[in-house]
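Colleague: Got a minute to go through this one with me? I'd like to start with the helices, then move to the strands.

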Amino acid sequence: MPWCRPEATDKLVRDFIRTGSTVSNKEQTFCTQNCSRNKMMKNWAVVGGIAAAVAAGVYVLWGPITERKKRKKGMVPGLLNLGNTCFMNSLLQGLAACPSFIGWLEEFTGQRDMAHNEFDKEPKLSKTLLQLLKALSSHDPGEDDVLDAGCLLDALRLHRWQISSFEEQDAHELFHVLTSSLEEERDRLPRVTHLFDMQSLESPPESSEKNMSCRSRGPLHPISSPWKTQHPFHGRLTSNMVCKRCEQQSPVRYDSFDSLSLSIPSAPWGRPVTLDHCLQHFISSETIKEVECENCTKIQAGNTLNGQVVESQRTTFIKQLKLGKLPQCLCIHLQRLTWSNEGTPIKRQEHVQFTEYLSMDYYKHCVSSQGSQELVWPPKAVRVDSKADSRDKKPSNGTDTEHCNNNKPLSNGACPTVFFHSPALSPQFSLNHDFSSSTYLFRLTAILVHHGDMHSGHFVTYRRCPPSPRGPSPFSTQWLWVSDDSVRRASLQEALSSNAYLLFYERVRRPSFKPE
């Protein structure tokens with residue numbers, strides 16, 4: 001067969017050997033290229049690892065680049081959101097705008113340090129809170145533009161408060177957690193003056209110490225202790241009850257409060273809801289039926305012949321709340337939670353008008369000069385003339401010794417402050433209100449606003465800038481809008497136009513001033 005010839009066989013062998021050598025050369029070239037590619041990939045991996053290690057070291061030593069920005073003068077640092085901690089950040093910004101509360105914390109921590117007890121060796125909530133508030137209220141620009149407030153949650157855990165930073169929380173509830181925890185620290189202080197506190201031991205007792213009375217007939221014995229100072233948000237409510245049949249009034253009852261929770265009444269026809277409407281609704285009288293009246297029982301027994309046993313007389317009483325002691329810092333909580341007919345929670349979104357200055361004279365509990373409580377049935381109509389006679393003022397009850405006047409007109413929130421000096425208004429339609437005669441006058445320092453519904457949302461704060469250390473007033477006229485780590489300038493009109501959830505006011509004692 002032709003394919004079995006030796007010449008053909010030799011040719012096929014030569015072609016096979018030549019082809020094999022070519023294939024081996026190609027395989028050798030491919031292996032060489034593959035090895036060089038592997039070496040290059042290893043080199044890039046080493047370079048990437050070194051770069052990652054350098055970046056991690058820079059982050060650990062100096063922190064993220066955004067935290068190293070220096071804030072502008074007059075601004076305040078923001079607070080880092082640790083998950084869902086906007087409720088805590090907004091509350092801290094609001095408290096940082098209250099200089100009296102910061103001053104009380106400085107005094108309180110100083111008194112506690114002088115006690116030298118074993119409890120002071122643990123981290124304290126008051127010290128942690130003071131450091132945060134001082135950093136948020138400093139006028140000079142500091143090193144950091146964003147602060148971390150996680151240390152406050154750690155301090156609250158020592159008071160058995162487990163607050164998760166990844167759950168929706170309420171700023172008003174956190175406010176009461178802070179005040180109750182501070183009172184717990186205060187109560188654990190020593191009840192007597194320490195022997196090394198020479199300043200307190202050598203100082204004579206104050207002769208002008210104010211007394212608090214539960215009846216108008218006689219005051220209680222004063223409790224003097226420099227270690228038991230109340231925080232500036234502490235106030236007292238009075239509860240008055242009078243019988244409708246015999247008009248006998250029961251002894252006044254005092255209850256403590258840290259904030260006023262005001263429900264929002266229905267809007268008047270064609271008029272917006274104001275802060276005065278909420279306050280009037282809070283102190284409005286209510287009827288309580290089937291209350292045992294001792295005076296009516298005595299009268300009935302006196303009219304009974306032959307010494308017959310008389311049953312206890314139950315009548316209808318009128319109850320009214322008023323403010324017996326106004327705090328230095330006033331926190332007002334507007335209750336925006338309501339319930340539908342189906343029982344589902346709904347947030348009320350309407351705007352409640354409030355002003356920069358708040359007069360509380362009308363809501364202050366007073367006693368007459370004869371010593372009887374000022375609760376008259378039936379209630380008299382409120383006088384709304386703008387010229388209240390100063391001779392109608394009466395001495396106040398409780399721990400305050402100033403006079404109060406409950407006949408002042410209600411103007412808190414009647415119109416925004418922007419209209420106080422509007423040139424477009426005619427002199428016949430002037431909306432100016434004279435606060436110079438007000439005894440219990442407060443000035444707005446911060447506003448907490450909640451955006452969202454009842455299930456989720458976000459808290460932001462309108463607050464005053466830190467005052468200048470050389471300025472005569474402890475309040476700045478500049479306002480800021482703060483949302484976690486975002487801080488920008490705002491106007492007073494923008495702050496007054498917000499849907500407030502918490503309002504922070506501080507009492508001012510100047511006899512005369514001009515609104516902004």
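Modeller: Here is a quick walk through one helix pair and one strand with its partners. Keep in mind that this is a predicted model.

Colleague: Fine. At roughly what angle do the axes of α2 and α4 cross?

Modeller: Roughly 70°. The axes of α2, residues 86-96, and α4, residues 125-136, come within 9 Å.

Colleague: Parallel or perpendicular, then?

Modeller: Roughly perpendicular, because angles of 65 to 115 degrees count as that.

Colleague: Which residues make the contact?

Modeller: From α2, L92, Q93, L95 and A96. From α4, L129, L132, L133 and L136.

Colleague: How do those divide into nonpolar, polar and charged?

Modeller: The contact of α2 with α4 has 7 nonpolar residues, 1 polar and no charged.

Colleague: Switching to strands. How many residues of β16 are buried?

Modeller: 10 of 12, so β16 (residues 441-452) is mostly covered.

Colleague: Which strands does β16 pair with?

Modeller: β13, residues 357-359, pairs with β16 over 3 bridges, antiparallel. β20, residues 500-508, is joined to β16 by 8 bridges and also runs antiparallel to it. β17, residues 457-464, pairs with β16 over 7 bridges, again antiparallel.

Colleague: What links β16 to β17?

Modeller: A hairpin, through 4 residues.

Colleague: Give me some register points. What stands opposite V449 in β17?

Modeller: V460. Towards β20, I447 stands opposite L503.

Colleague: And which residue of β16 is the bridge partner of Y357?

Modeller: R443.

How values were computed: Residues numbered from 1 in each chain as written. Predicted model: local features only at pLDDT ≥ 70, side-chain atom pairs only at ≥ 80, totals over all residues. Heavy atoms only, no water. Axes fitted to C-alpha atoms, helices over the stretch in contact; angles between N-to-C directions. Helix = DSSP H or I, 4+ residues; strand = E, 2+ residues; numbered from the N terminus. Parallel < 35°, antiparallel > 145°, perpendicular 65-115°, else oblique. Contact = heavy atoms within 4.5 Å. Nonpolar A, V, L, I, M, F, W, Y, C, P; charged D, E, K, R; others polar. Buried < 20%, exposed > 50% of the residue type's maximum accessible area, 1.4 Å probe, protein only. Pairing = 2+ DSSP bridges.
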